[in-house]
Amino acid sequence: MVAGVSSSVLRAQGLSDCGAGGSPIRFGGVLLTQTVPVVGRMFMDLTTTTQLNATVEDNLQIRKVTTRVADNYQVPCLNGISGTCTVEFCSALTTYPDAVCTLFPADVPCSCPFLADVYVNPTAYVTFTSEWLAIEGGVNGDYITRTEIVSNIGTPEETILGCLLLEYALAAV
């Protein structure tokens, strides 16, 4: 049985591209899970379009910021990849395959080089592990996760190559 969250506190949920127009990496799709059980999975129909090849030498970074809406609480980095974290893209593919590779079709090699293409995964998902149950203030509520793919992070040449915005609700089960 899944614990319910009052619909009066839930915000609109969704998946959207938050990158600048003409970004070389774009996202589209829809969230399929209305309220995500913790521990559990948030399913989505996700299309990722990338116009560039990602190699280890590119040193692309994944920068994620996850915020609970009610109190603007920024979820700390959990298990190296969940919550608010910055991690090298190619390293994330091999170090956290259960968290990253589930966003791409199963027949796509989850390693670099990651080739320019259109990746359609109607069964993409993100897993919320038991670490989420221990976050300050409890896990129940609405969340926003902004995930950016960034080159030259922390330099004057920093460029956001793509951005995915997820708005969702979590409920302890």
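User: A salt bridge is a side-chain nitrogen of Lys or Arg within 4 Å of a carboxyl oxygen of Asp or Glu. By this rule, how many salt bridges does the structure hold?

Analyst: The model is predicted. One of its salt bridges joins Arg68 to Asp71. By this rule, the salt bridge count comes to four.

User: How far apart in the chain are Glu158 and Arg63?

Analyst: The side chains of Glu158 and Arg63 meet in a salt bridge, N to O 3.0 Å. This pair links distant parts of the chain. Glu158 sits in the loop between E9 and E10, and Arg63 in strand E5. The separation is 95 residues.

User: Is Glu158 buried or partly exposed?

Analyst: The relative accessible area of Glu158 is 31%. Buried needs under 20%, and exposed needs over 50%. The value for Glu158 falls in between, so the residue is partly exposed.

User: Which residue of the Arg68–Asp71 salt bridge is buried?

Analyst: The closest approach of the two side chains, N to O, is 2.9 Å. Asp71 has 46% relative accessibility and counts as partly exposed. Arg68 has 4%, under the 20% cut-off, so the buried residue is Arg68.

User: Which residue of the Glu148–Arg146 salt bridge is partly exposed?

Analyst: The closest N and O atoms of this pair are 2.8 Å apart. Glu148 is buried, at 8% relative accessible area. At 32%, the partly exposed residue is Arg146.

User: Which residues are linked in a network of salt bridges?

Analyst: Glu158 forms a salt bridge with Arg63. Glu148 forms one with Arg146. These two pairs belong to one network, whose linked residues are Arg63, Arg146, Glu148 and Glu158.

User: How much space lies in the largest cavity?

Analyst: The structure holds one cavity of 30 Å³ or more. The space in the largest cavity is about 530 Å³.

User: Which residues lie closest to the centre of the largest cavity?

Analyst: The largest cavity holds about 530 Å³ of space. It is lined by 31 residues. Closest to its centre are Ile62, Lys64, Val100, Leu103 and Thr147.

User: Which element gives the largest share of the lining of the largest cavity?

Analyst: Several elements each supply at least two lining residues, among them strand E2, strand E5, helix H2 and strand E10. Strand E4 (40–50) is also in that group. The largest share is five residues, and these come from E4.

User: How many lining residues of the largest cavity are nonpolar?

Analyst: The lining includes one charged residue. Eight more are polar. The nonpolar residues number 22.

User: How many disulfides are there, and what pattern do they follow?

Analyst: The structure holds four disulfides. Count the bonded cysteines along the chain, and the pattern is 1-8, 2-3, 4-7, 5-6.

User: Is the disulfide of Cys77 and Cys85 right-handed or left-handed?

Analyst: The sulfur atoms of Cys77 and Cys85 lie 2.0 Å apart. Cys77 is partly exposed at 39% relative accessibility, while Cys85 is buried at 6%. The torsion about the S-S bond is about 105°, so the disulfide is right-handed.

User: How many residues separate Cys90 and Cys112?

Analyst: A disulfide joins Cys90 to Cys112, S to S 1.9 Å. Its torsion is about -85°, so this disulfide is left-handed. Cys90 lies in helix H1 (residues 89–95), Cys112 in the loop between H2 and E8. The pair links distant parts of the chain, with a separation of 22 residues.

User: Which cysteine of the Cys101–Cys110 disulfide is partly exposed?

Analyst: The sulfur atoms of this pair are 1.6 Å apart. The S-S torsion is about -85°, so the disulfide is left-handed. Cys101 has 17% relative accessibility and counts as buried. At 23%, the partly exposed one is Cys110.

User: Which residue's backbone oxygen lies 3.3 Å from a polar atom of the side chain of Asn121?

Analyst: Asn121 has its place in strand E8. Asn121 is buried, with a relative accessible area of 6%. The backbone oxygen 3.3 Å from its side-chain polar atom belongs to Thr102.

Terms used: Residues are numbered from 1 along each chain as its sequence is written. This is a predicted model: local features need pLDDT of at least 70, side-chain atom pairs count only at pLDDT 80 or more; totals for chains, interfaces and linings use all residues. Side-chain values use heavy atoms; hydrogens and water are left out. On a 1 Å grid over the protein atoms alone, a cavity is a set of points where a 1.4 Å probe fits but cannot get out, and a pocket is an open set with protein on both sides within 12 Å along at least five of seven lines; lining residues have an atom within 4 Å of a point. Grid points are joined across faces, edges and corners, and a volume is the space filled by probe spheres set on the points. Helices (H or I, at least four residues) and strands (E, at least two) are DSSP runs, numbered from the N terminus. Ala, Val, Leu, Ile, Met, Phe, Trp, Tyr, Cys and Pro count as nonpolar, Asp, Glu, Lys and Arg as charged, and the others, Gly among them, as polar. Buried means under 20% relative accessible area, exposed over 50%, partly exposed in between (1.4 Å probe, protein chains only). A disulfide is a pair of cysteine sulfur atoms within 2.5 Å. A polar contact is a pair of N or O atoms within 3.5 Å; within protein, one must be able to donate a hydrogen and the other to accept it, and residues adjacent in sequence count only if both atoms are side-chain atoms.
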